[in-house]
Amino acid sequence: MKTMKQWMLLAFSAVACAAMVACADSGTSSSSAPASSAPASSAVSESTSAPASSSQAASESGGAVTAEDPYTAAIVASRDQETNDSLPVIGAKAGESAGYTYVPSSMENDPEAAAQMADMVMQTLTLTPDQLQQYAFSISLINVKAYGVGVFVPAEGQTDAVKAALEDFVTNQQKSFENYLADQYEIAKQAKVEVLPTGEVVLVMCENSDQVLASIKDAAAAI
């Protein structure tokens with residue numbers, strides 16, 4: 001007959017073996033599970049089917065679009081996942097404070113930071129809030145990237161002024177990169193500023209600008 005000590009050793013061995021099997025199973029399942037690669041458009045469709053505030057969406061799904069802001073949805077849907085993972089969208093309506101309307105999962109939804117960023121971008125664009133009924137934009141202010149995508153709804157009588165300000169921004173970006181970074185200069189050269197039939201002024205300065213502009217046009221026409 002086995003002694004008490006022998007029974008305890010056998011029990012310990014059984015537990016250890018079970019733990020090793022469980023760990024092996026866990027490692028196999030995690031390594032074989034496919035990585036998520038959901039496109040930006042799926043994030044838009046999910047958020048519009050279940051409205052949420054931008055802060056709630058950011059905390060729950062790592063950066064989703066508010067159902068109340070179709071212009072943000074249009075910008076996000078036009079971009080690849082890498083861009084959506086790195087650049088937020090800022091927006092507001094007339095009389096409201098600017099805030100993040102789309103927040104990448106890597107960023108904190110900080111209202112104060114969003115307001116400061118909005119002020120800096122508006123100054124760079126030489127626009128004032130009273131010139132706009134509504135806007136949503138995602139613009140990089142770092143000096144190594146020519147990037148700016150935005151939808152601006154001008155206030156009454158301000159369409160020409162808004163369009164001119166955005167065109168000046170593009171011209172300045174072209175000058176900045178002309179003798180600096182050739183690839184970014186090419187992106188700036190292909191930038192587009194266009195007034196849509198529905199009245200919005202659209203800025204597109206990014207890679208694949210034709211495709212991005214077409215995507216935003218289609219979205220704006222459906223609003």
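This section describes the largest pocket, a strand hairpin, a salt bridge and a nonpolar surface patch. The model is predicted.

The largest pocket encloses about 410 Å³ of space. Its lining comprises 20 residues, and those closest to the pocket centre are Asp80, Thr83, Tyr147, Cys206 and Glu207. Four helices, α4 (70-78), α5 (81-84), α8 (182-189) and α9 (209-221), each provide at least two residues of the lining of this pocket. The greatest contribution to the lining is that of α9, which supplies three residues. Classified by residue type, the lining of the largest pocket consists of eight nonpolar, seven polar and five charged residues.

Strands β5 (residues 192-195) and β6 (residues 201-205) run antiparallel and are joined by four bridges. Within this pairing, Glu194 has Val202 of β6 as its bridge partner. The two strands, β5 and β6, form a hairpin in which five residues lie between them. In the turn of this hairpin, Gly199 adopts a positive phi of about 105°.

A search of the whole structure identifies four salt bridges. In general, side chains of opposite charge can pair when their charged atoms come close. A salt bridge links the side chains of Lys163 and Glu167, with an N to O distance of 2.5 Å. Lys163 and Glu167 are separated by about one helical turn because they lie four residues apart in helix α7 (residues 159-178).

On the surface, a nonpolar patch is formed by Ile142, Val144 and Tyr180. Together, these three residues present about 280 Å² of accessible area. Of the patch members, Ile142 is located in the loop between β3 (132-139) and β4 (148-154).

Terms used:
Residues numbered from 1 in each chain as written. Predicted model: local features only at pLDDT ≥ 70, side-chain atom pairs only at ≥ 80, totals over all residues. Heavy atoms only, no water. Patch = residues over 30% accessible without salt bridge, like charges linked within 9 Å, V, L, I, M, F, W, Y side chains within 5 Å. Areas by Shrake-Rupley, 256 points an atom, 1.4 Å probe, with all protein chains shown as cover. 1 Å grid on protein atoms, 1.4 Å probe; cavity = no way out; pocket = protein on both sides within 12 Å on 5 of 7 lines; lining within 4 Å. Points joined across faces, edges and corners; volume = space filled by probe spheres on them. Nonpolar A, V, L, I, M, F, W, Y, C, P; charged D, E, K, R; others polar. Pairing = 2+ DSSP bridges.
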